[in-house]
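Visitor: Please show me the model before we go through it by question and answer.

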Amino acid sequence: MGDIRFYHLTERPLEDVLPVMLERSLERGWRVTVRGTAAERITALDARLWTYRDESFLPHGAERDGADQPVWLTTSDRLANDPNTLMLIDGAEASDAELAQMETTAILFDGHDPEAVEHARDQWRRATKTAQKAVYWAQEGGRWVKKAES
């Protein structure tokens, strides 16, 4: 059973944060599934990952590419690329069984969206009722600051 990490986005949007998080995940040798709730958003993130920085390449794929990628973007509940890390965006959910099999689960949510914040609070309450470690991070001054841990 791994950690569940909550990332409260208030200073930089997901489109800027996600590529950096994915780069760091790949540096650690992790395989990542990014699960969202809207196909249009996944398509936009796929395009962003190809163009966010000229000097780097982030190997990834989306549903139309197949799942044999170290980073896979999807709206599906399948964990088709055999990830050890699951990133949930835009209110996406994971089952307790999925959470238990991941080394790390990251829940990224928009701190300017009251519904997203409330949904993340519900996910926090659910996570803290399990034996898994939950950690809450917030953006402050361009850095991540740990605010709570269960």
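The turns below cover the sheet, two of its residues' surroundings, the cavity and the pockets.

Visitor: What kind of model is this, and in what order do the eight strands of the open sheet run?
Guide: This is a predicted model. Its eight strands form an open sheet with mixed pairing. S3 (61-62) and S8 are the edge strands, each pairing on one side only. The order is S3-S4-S2-S5-S6-S1-S7-S8.

Visitor: How many bridges join S1 to S6?
Guide: In the sheet order, S1 stands between S6 and S7. S1 and S6 run parallel, and Ile 4 stands opposite Thr 105 in S6. The number of bridges joining S1 to S6 is seven.

Visitor: Which residue in S7 stands opposite Tyr 7?
Guide: S1 and S7 also pair in the parallel sense, over five bridges. Within S7, the residue opposite Tyr 7 is Trp 137.

Visitor: Why is S1 described as largely enclosed by the rest of the structure?
Guide: A residue is buried when its relative accessible area is under 20%. S1 has seven residues, and it is largely enclosed because the number of them that are buried is five.

Visitor: Which residue in S4 stands opposite Val 32?
Guide: S2 (residues 32-35) pairs with S4 in the parallel sense, over four bridges. Opposite Val 32, in S4, is Val 71.

Visitor: Is Asn 81 buried or exposed?
Guide: Asn 81 lies in the loop between strand S4 (71-74) and strand S5 (85-89). The cut-off for buried is under 20% relative accessible area. Asn 81 has a relative accessibility of 1%, so it counts as buried.

Visitor: Which residue's backbone oxygen does the side chain of Asn 81 reach, and at what distance?
Guide: Leaving out residues up to four places away in sequence, Asn 81 touches Arg 31, Val 32, Thr 33, Ala 67, Gln 69, Pro 70, Val 71 and Trp 72. Two of these, Val 32 and Val 71, stand opposite each other in the pairing of S2 with S4. The backbone oxygen reached by the side chain of Asn 81 belongs to Gln 69, at 3.1 Å.

Visitor: Where does Ile 107 lie, and how far in space is it from Met 87, C-alpha to C-alpha?
Guide: Ile 107 lies in strand S6 and is buried, with a relative accessible area of 6%. Not counting residues up to four places away in sequence, its contacts are Ile 4, Arg 5, Phe 6, Tyr 7, Leu 88 and Gln 123. Ile 107 and Met 87 are 20 residues apart in sequence, and their C-alpha to C-alpha distance is 5.9 Å.

Visitor: Which element gives the largest share of the lining of the largest cavity?
Guide: The structure holds one cavity of 30 Å³ or more, and the largest cavity has about 50 Å³ of space. Strand S1 (3-9) and helix H4 (114-128) are the elements that give two or more residues to its lining. Ile 107 is among the lining residues, as are Ile 4, Phe 6, Leu 88 and Gln 123. The largest share, three residues, comes from H4.

Visitor: How do the residues of the lining of the largest cavity divide into nonpolar, polar and charged?
Guide: The lining includes Glu 93 and Arg 126, which count as charged. By class, the lining of the largest cavity has seven nonpolar, one polar and two charged residues.

Visitor: Which element gives the largest share of the lining of the largest pocket?
Guide: The largest pocket has about 470 Å³ of space. Of its 25 lining residues, Tyr 7, Met 21, Arg 24, Arg 28 and Trp 144 lie nearest its centre. The lining divides into ten nonpolar, five polar and ten charged residues. The largest share, five residues, comes from H1.

Visitor: Which element gives the most to the lining of the second largest pocket?
Guide: About 310 Å³ of space lies in the second largest pocket. Its lining has 24 residues, with Asp 90, Leu 108, Phe 109, Asp 110 and Ala 116 nearest the centre. H1, S5, S6 and H4 are the elements that give two or more residues to this lining. The one that gives the most, with five residues, is H4.

Note on methods. Residues are numbered from 1 along each chain as its sequence is written. This is a predicted model: local features need pLDDT of at least 70, side-chain atom pairs count only at pLDDT 80 or more; totals for chains, interfaces and linings use all residues. Side-chain values use heavy atoms; hydrogens and water are left out. Buried means under 20% relative accessible area, exposed over 50%, partly exposed in between (1.4 Å probe, protein chains only). A polar contact is a pair of N or O atoms within 3.5 Å; within protein, one must be able to donate a hydrogen and the other to accept it, and residues adjacent in sequence count only if both atoms are side-chain atoms. Contact means heavy atoms within 4.5 Å. On a 1 Å grid over the protein atoms alone, a cavity is a set of points where a 1.4 Å probe fits but cannot get out, and a pocket is an open set with protein on both sides within 12 Å along at least five of seven lines; lining residues have an atom within 4 Å of a point. Grid points are joined across faces, edges and corners, and a volume is the space filled by probe spheres set on the points. Two strands pair if DSSP finds at least two bridges between them.
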